[in-house]
Amino acid sequence: MPHPIMFDDNDPLLAKVRGICETFPQSTEQISHGRPVFRASEKGKIYLVYGGGEKIRPGEMRRHNHAVMFLPDPSDHEALSQDGRFFVPAYFGPSGWLAIDVDHSDVDWQEITELVDASYRQIARKGLIVELDAATDH
């Protein structure tokens, strides 16, 4: 049985996230487990998930429909974990992923872009990183 779709394709926050992700080389969007996921190439690994959940206590979850789930640079993980805006997402958290809800007016989209960039760099093949760096040198 497939997962139900858990997002609105016309969500303006998702549109902002898509706009960020489309700037990365060979970034592709797919639906996985009912949510948009962004991969570093069509068959590459996931570097970002839009929406997610957080385990509150055993058997209880809190949904975050407008969260950005990402894999931070390991050197930033501890500091981000201490920042109350971030949470450990269910299922991805044990692999080092964090998430931030972007459904509020004071979101710093430059910070979100930097977090997405760090996540992409953790996942993408070296050739894609070289391509990304060459594109940003201009």
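Buried means under 20% relative accessible area, exposed means over 50%, and partly exposed lies in between (1.4 Å probe, protein chains only). Keep that scale at hand for the exercises below.

The model is predicted, so local features need pLDDT of at least 70, side-chain atom pairs count only at pLDDT 80 or more, and totals for chains, interfaces and linings use all residues. Residues are numbered from 1 along each chain as its sequence is written, and side-chain values use heavy atoms, with hydrogens and water left out.

**Exercise 1. Find G34 and decide whether G34 is buried or exposed.**

Step 1: Go to the loop between β1 and β2, where G34 sits. Strands here are DSSP runs (E, at least two residues) and helices are DSSP runs too (H or I, at least four), numbered from the N terminus.

Step 2: Read the accessibility. G34 counts as buried because its relative accessibility is 3%.

Step 3: Look at what surrounds it. Contact means heavy atoms within 4.5 Å. Leaving aside neighbours within four places in sequence, G34 touches H3, P4, I5, M6 and F7.

**Exercise 2. Work out which sign phi has in H33 and in Y91.**

Step 1: Start with the general rule. Most residues other than glycine have a negative phi.

Step 2: Take H33, in the loop between β1 and β2. Its phi is near 55°, a positive value in a residue other than glycine. H33 counts as exposed, because its relative accessibility is 52%.

Step 3: Take Y91, in the loop between β5 and β6. Y91 is not a glycine, yet its phi is positive at about 70°. With a relative accessible area of 67%, Y91 is exposed.

**Exercise 3. Describe how helix α3 meets helix α4.**

Step 1: Locate the pair: α3 covers residues 109–123 and α4 covers residues 126–136. Their axes come within 8 Å and cross at roughly 145°. Axes are lines fitted to C-alpha atoms, for helices over the stretch in contact, and angles run from 0 to 180 degrees between N-to-C directions.

Step 2: Name the residues in contact. α3 brings D117, Y120 and R121, while α4 brings L128, I129, L132 and D133.

Step 3: Sort them by class. The contact has four nonpolar, no polar and three charged residues. Ala, Val, Leu, Ile, Met, Phe, Trp, Tyr, Cys and Pro count as nonpolar, Asp, Glu, Lys and Arg as charged, and the others, Gly among them, as polar.

**Exercise 4. Compare the settings of T23 and S41.**

Step 1: Place T23 in the loop between α1 (12–21) and β1 (27–32). T23 is exposed, with a relative accessible area of 55%.

Step 2: Follow its side chain, which reaches the backbone oxygen of I20 at 2.6 Å.

Step 3: Check a distant partner. T23 and L132 are 109 residues apart in sequence and 8.8 Å apart in space, C-alpha to C-alpha.

Step 4: Turn to S41, in the loop between β2 (35–40) and β3 (46–57). S41 is buried, at 7% relative accessible area. Not counting residues up to four places away in sequence, S41 touches Q26, S27, T28, R125 and L128.

**Exercise 5. State which element gives the largest share of the largest nonpolar core.**

Step 1: Fix the term: a nonpolar core is a set of buried Ala, Val, Leu, Ile, Met, Phe, Trp, Tyr and Cys residues joined through side-chain atoms within 4.5 Å.

Step 2: Find the best-connected members. Of the 39 residues in this core, Y47, I112 and Y120 touch the most other members.

Step 3: Name the element: α3 supplies the largest share, six residues.

How values were computed:
Polar contact = N/O pair within 3.5 Å; in protein donor to acceptor, adjacent residues only side chain to side chain.
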